[in-house]
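Here are some notes on the chain, set out as numbered points. They begin with the whole chain and then turn to single elements.

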Amino acid sequence: MERYVIILVQIVTKLHNIMTETFATTELTTEDIKLIETAKSLVGPSEVPGGMIKEVGCALVTKKGSIYTGVSLHLCCGIGFCGEHSAIADMVSHSDETEINTIVSCGSKVMYPCGRCRELLQQIDKNNRENCFVIISNKGKVRLKDLLPGDWMESRG
Ligand SMILES: [Zn+2]
């Protein structure tokens, strides 16, 4: 009987973690806080004929320590893209780097990258899965792999 209670508690705990998206977060450094401020400084929603730009600002720091930034372009006809796309394009345009140490996106507050951007981070450099930290709040960051369980690229052979 006791064994079943333990198993039940484990299941309930696991379900609770899934439902509340609890991650083992890592504390932010002073540099991480500055990166959040950089991302926030880019936010300035502005209407354009096709939609809205600069609703989200993104800042990333590469493995070598360079900072690149971008903003969202939320436009009609599927033309737009996220701030993360902009920041990664900035990195690729101005360096030969693809490995990212830390990335953060902000609207009115720090926000998670969407699923497409999580995938982009992984596809631009395989090492980002293990090594790239994604800041998910004013208090913590997680590794990209924590936001992308199940490595489909690994299993495609
Ligand atoms: Zn996105």
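**Notes on the predicted model**

1. Of the 157 residues in the chain, 29% are buried. The model is a predicted one, and every remark below should be read with that in mind.

2. Overall make-up. The chain has 7 helices and 8 strands. Its C-alpha trace extends over about 65 × 35 × 35 Å along the principal axes. Among contacts with a separation of 6 or more, 56% join residues that are 24 or more positions apart.

3. Helix 4, buried side. Helix 4 covers residues 115–124, and its buried residues are Cys 117, Arg 118, Leu 121 and Gln 122. These four lie on the same side of helix 4, because the arc they cover around the axis is only 145°. The helical repeat is useful background here: an α-helix has 3.6 residues a turn, so residues three or four places apart point the same way.

4. Helix 4, other side. Which exposed residues does helix 4 carry on the face turned away from its buried side? They are Gly 115 and Arg 116.

5. What covers helix 4. The cover over the buried residues of helix 4 includes three helices, namely helix 3 (83–94), helix 5 (128–131) and helix 6 (144–147), together with strand 5 (100–106).

6. Helix 3 against helix 4, geometry. Two packed helices are described by the angle between their axes and the distance between the axes. For helix 3 and helix 4 the angle is about 20° and the axes are 9 Å apart. Angles under 35 degrees count as roughly parallel, and this pair is therefore roughly parallel. The crossing of helix 3 past helix 4 is right-handed.

7. Helix 3 against helix 4, residues. On the helix 3 side the contact is made by Glu 84, His 85 and Ile 88, and on the helix 4 side by Cys 117, Leu 120 and Ile 124. By type, the residues of this contact are 4 nonpolar, 1 polar and 1 charged. Cys 117 thus has two entries in these notes: it is one of the buried residues of helix 4, and it is one of the residues that meet helix 3.

8. Gly 65. This residue sits in the loop between strand 3 (51–62) and strand 4 (67–75). Is Gly 65 buried or exposed? It counts as exposed, because it has 9 C-beta neighbours inside 10 Å, and the cut-off for exposed is 12 or fewer. Gly 65 and Glu 119 are 54 residues apart along the chain, and 22 Å separates their C-alpha atoms.

Technical notes: Residues are numbered from 1 along each chain as its sequence is written. This is a predicted model: local features need pLDDT of at least 70, side-chain atom pairs count only at pLDDT 80 or more; totals for chains, interfaces and linings use all residues. A residue is buried if 20 or more other C-beta atoms lie within 10 Å of its own, exposed if 12 or fewer, and partly exposed in between; C-beta atoms are placed from the backbone. Two residues are in contact if their C-beta atoms, placed from the backbone, lie within 7 Å. The arc is that of the directions from the helix axis to the C-beta atoms. Axes are lines fitted to C-alpha atoms, for helices over the stretch in contact, and angles run from 0 to 180 degrees between N-to-C directions. Angles under 35 degrees count as roughly parallel, over 145 as roughly antiparallel, 65 to 115 as roughly perpendicular and the rest as oblique. A crossing is left-handed if the near helix is turned anticlockwise from the far one by less than a right angle, and right-handed if clockwise. Ala, Val, Leu, Ile, Met, Phe, Trp, Tyr, Cys and Pro count as nonpolar, Asp, Glu, Lys and Arg as charged, and the others, Gly among them, as polar.
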